[in-house]
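Q: I'm new to this structure and would like a close look at one strand and its partners. Could you then walk me outward to the surroundings and the other chains?

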Amino acid sequence: MTRILFSDKLDNCIAKWRSAGLTVIGPVQGESLSGYAAVEKAAGFEFGMVLPERPLKELFFPQTEPMLRYTIKKNEIDTTDFTAPQGKRIIFGARACDASGLAIDDPLFGWDYKDEYWFQRRNESVIVTIACTKADDFCMCTSLKLAPDSTKGSDVLLRPIDKNRGWLIEELTDRGREAFAIISDYLQESSEPAVPTVVVPEKFNLDACVTWLQNPENFDSKFWKEISMRCIGCASCTYLCPTCHCFDIQDEGDTYSGIRRKNWDSCSFALFTMHTSGHNPRSTQSARWRQRIMHKFNYFPGKFSVNSCSGCGRCSRQCPVDMGITETLQEISKL
Amino acid sequence: MSEPFEPKIVAFVCTYCTYAGADLAGTSRLKYAPNVRIVRLPCTGRISPMFILKALQKGADGVLISGCHPGDCHFTHGNYHARRRWMVFRALLDFTGISPERVKFSWISAAEGGKFADLINSVTEEIRNLGPFDQYQQLIKETESPATL
Amino acid sequence: MTENIQSTQQNIYKPAIMKIVGRHDEAPGVRTMRLEFQDPADHEQFKKTFRTGMFGLYGVYGEGESTFCVASPETRKEYIECTFRQSGRVTSALANADIGDLVTFRGPYGNRFPIEEFHGKNLLFISGGIALPPTRSVIWSCLDQREKFGKVTIVYGARTVADLVYKHELDEWQERADVELVLTVDPGGESPDWKHRVGFVPTVLEEAAPSPDNCIAVICGPPIMIKFTLISLKKLGFDEKNVYTTLENRMKCGVGKCGRCNVGSVYVCKEGPVFTAAEVSRMPAADL
Amino acid sequence: MITQEKYRTTVKELLASGSVKMVIGYKPGSTPDRRRPLFIRTSEEADQLVLDSTCMTNLSGYLVTEGLLSDEKRVGIFLRPEGIRSINILAAEYQLNIEQIVILGFDSTGRDVRPLEGRNAGDFSGLLSEIKEKPVQTSKEPLLERIEKMNAQERFDFWQEEFSRCIKCYACRQACPMCYCRRCIVDSNQPQWINTSSHTLGNFEWNIVRAFHLSGRCVQCGNCDRACPVNIPLRLINQRMATEVLDGFDHFAGLSPTQEPVLASFKKDDTETFIL
């Protein structure tokens, strides 16, 4: 017997969570863009899409975020910290790839120095993932050894039952159990089976790719130039990536007062690594694309024992010139 | 608000004509509204649309741009180039919702001290009537960074 | 899983406030500043953690932060000295700051030179142009406890005579009997009264031919100089393990998050900036 | 299909005769409705060439890739009329030597794709003048009409809403053939003219500046609009500005490789009704 949350009870659950002080966030279809956003009613959710266009990452690592405010008087500098907004949140209906993305970035934001902007939000968020029953041509979680019902990064996993009537509940962490204890009145015991998760075909052989990437000889392979020739060097792949975490620190203001912000930045930009002297370690687009692939599948796993890719496929889906990780790794598999 | 609203206006002027005109207004002891902060530039051709945006970014309620009459440019045709640029930029601002009422353009020669004083007064009055540029200042507020004009 | 994530209260991006207590112009556009901590707690923290080789992010609020090494040695922790070339937004603001003005410092970050391992050994310092500051930190760390080391040789070159930095200290080293200083400028960069060598650093190094026996080499300079100096050192018989260098990449966070200093799998800000030539040779050369 | 086959043969001939070193075209993309840029250097690569109505991307931006044209060899490129206008502008702004470009022109109506006569930029001047006089797209975009009916405040709010989604990935800039600056104004920081942060003010400033820098230069190929990952209707601003320069200065961007850039030239009798 498993417990079920029926869709028609979702409004009650949302109300309950909200009165318990949780902000309820989930997939929302905006007028021209989908993403994760706060809702008040279940009707605000859109569970039908394969996955929201904007990644879950931005709720933990926003595109721009104030860090410090400074005020300068004569011989005196006052600084005040901005902290990440306080308040518990429940993210209801995350995709497994988005949730895994958070878990992938945890070690990076936490090694030696802890980024409190990230962890404050991580600690206050409950991630409720819904297993996918739908995929498109770009989904590739299985190729990354994850799955449409992967539990990585999630506190609760929900499996849809027939006709979108509700979800089977699989509590994974204490935080998840706590959040679902709040709504336990609305849950029912049942033996109804879950709808099988979607079959996402494997697109490339990850192990073979990683072996190829790890071979130092291939660093200078002509392959990199060929594959990235049409890359235009924008940052849509990195910004929409659920795991890309690079950022810039920028001051806004003048000599007397202003704020320091943390903004998304991307390895696709030429200026990202440009030295003051004019020397640029990654001066060509091919070097930058190589860095992105190497970082995700060679360097990052070398440090944190996990690939920095969760297989959401947004990079390929959104690329203005139809590039992406899938194509690159598929081509590497062929080499 | 009991106090009447005092708009902040930034004027970008060319040094050869309008600035000299402003000087003349001063030496002629003409009185005009104190709301305008003047930024002197070598030529209207040097006035980049970035300047207008920067002024708004710093919290201006209105912007005035002024230079030599056509044909009078110290650099022969800086103001002709500027005129085209403004025309296009003005249309762009209009299209994106910044009312052209807030961004004014004028020609004032070195001899037109009186016109300068009148213009400043009328522009100040018009922008005072429009009220503070709340929409833009709301954006500035959202950045958390202080506007310091 | 998320349970074991601990929140910390400290903002790792918040810098310490420093007062400029001294300035010195080294070369056209190159300036050294001496900074003192304003908050004793920050100073204590610095004293506890700073070791020669580490770097910091120096900043001016409103302009941003810029990364360069701490040019003062671990034997002198009462202040921080830094030397920089005025070139961008932040360094211009730093250059415009006067004695008594406040600037910011975040750090010290990165790894260090294993100076205890150098005890009893001969030392060879090779440096080019504006890259003397990181070497200088090691030089003074050693000279301040001179008895612990063998022969000390310093090879330093710059494009022109005017571009040599720390001229007063060069004079001091020149005078010392226990230091051998080899100065050089690039061909064409000499002044009429230049009494030292003329030639590129690797060439001059090969001419000076220091013995690799029981010797540690520390090199620092522009990427192109490092490349050719490493070749020369190899020719002279130096083992890659005994050659140290520092990599100075563009950085923003300094704490291994922002991602721009990576060379291959290495986060220069955390695993560097000090590397042995053996470690550098394992990095992808194209990304240096 | 016939056009595609004919062009495959043409490309092979051009490469075989050595008259071009490369042809930039299209090949199938990751899904049936997608096309991706293709760089053809060999006859085998030419076999991958696809040409149909879904080949929308204006490829001319690739011509200013660093080093591509510096050996003075010729390069072939598949272009729609807007693409031809783009390279005219690039030539007029001294970004490329028009003599080095071999144009393989095409256009489409519905699903039909047809070749355009000519190989050199000059061959298309008649066609472009015709397009200027008789714009193909007669029906106005409903959204544009809606915006034009708004008052200033409503328009401001409309664009705030749109720009608020911007993430500053600069896909619009990178996709645009006209945005070839080595250092974009948004990347210059001395002074920092516009906010680099992606808050609403920074987004607004960026989009205004981008649109202004393209005024009188945009050919409305739609690259930016298609590239935008957050679906901001950038084409509307560009269209509006194109109308503005056409009405104001009779300027149709990219009419010829020697056309004077509209904002770098002037007429003494330019309109100045707005000047006090």
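**A strand and its surroundings**

A: Let's start with one pair of residues: M22(D) sits across from V75(D), a residue of β3(D). This is a predicted model, in which local features need pLDDT of at least 70 and side-chain atom pairs count only at pLDDT 80 or more, while totals for chains, interfaces and linings use all residues. Residues are numbered from 1 along each chain as its sequence is written, and chains are lettered from A and ligands numbered from 1 in the order in which they are written.

Strand β1 of chain D covers residues 22-28, and five of its seven residues are buried, so the strand is largely enclosed by the rest of the structure. (Strands are DSSP runs of E with at least two residues, helices are runs of H or I with at least four, and both are numbered from the N terminus; buried means 20 or more other C-beta atoms within 10 Å of a residue's own, exposed means 12 or fewer, and partly exposed is in between, with C-beta atoms placed from the backbone.) With β3(D), residues 75-79, β1(D) pairs in the parallel sense through three bridges; two strands pair if DSSP finds at least two bridges between them.

What about β2(D), residues 35-40? Here the sense is antiparallel, and six bridges join this strand to β1(D). Y26(D) has P37(D) of β2(D) as its bridge partner. Between β1(D) and β2(D), which form a hairpin, there are six residues.

Chain A offers another hairpin, made by β11(A) and β12(A) with three residues between them. These two strands run antiparallel and share seven bridges, and F247(A) faces W264(A) in β12(A). On β12(A) there are also seven antiparallel bridges to β4(A), residues 64-73, where L68(A) is partnered with R260(A) of β12(A). Seven of the eight residues of β12(A) are buried, so β12(A) is largely enclosed by the rest of the structure.

Chain B holds an open sheet of four strands in the order β2-β1-β3-β4, paired in parallel. At its edges are β2 (36-41) and β4 (103-107) of chain B, each pairing on one side only. Ignoring direction, neighbouring strands of this sheet are turned by 20 degrees against each other on average; angles here use axes that are lines fitted to C-alpha atoms, for helices over the stretch in contact, and run from 0 to 180 degrees between N-to-C directions. Inside the sheet, β1(B), residues 9-14, runs parallel to β3(B), residues 62-67, with five bridges, and V13(B) lies opposite S66(B) of β3(B). Helix α2(B), residues 49-57, packs on the sheet by touching β1, β3 and β4 of chain B, and its direction makes about 150 degrees with that of β3(B).

Now to the meetings between chains. Two residues are in contact if their C-beta atoms, placed from the backbone, lie within 7 Å. Five pairs of chains are in contact, and chains A and C share the most contacts. Chain A brings 53 residues to that meeting and chain C brings 39. From chain C, β4 (64-69) and β13 (262-263) each supply at least two residues. Chains B and C have no contact, and their closest C-alpha atoms are 10 Å apart.

The hairpin of chain A returns where chain A meets chain D, with 25 residues on each side. On the chain A side, α7 (236-240), β11 (247-253), β12 (257-264) and α9 (314-318) give two or more residues, and α7(A) gives the most, with three. That side has 10 nonpolar, nine polar and six charged residues (nonpolar: Ala, Val, Leu, Ile, Met, Phe, Trp, Tyr, Cys and Pro; charged: Asp, Glu, Lys and Arg; polar: the others, Gly among them).

Chain D also meets chain B through helices: the axes of α5(B), residues 134-142, and α8(D), residues 200-214, come within 7 Å and cross at roughly 120 degrees. That makes α5(B) oblique to α8(D) (under 35 degrees is roughly parallel, over 145 roughly antiparallel, 65 to 115 roughly perpendicular, and the rest oblique). Here L139(B), I140(B) and E142(B) meet T200(D), L201(D) and F204(D).
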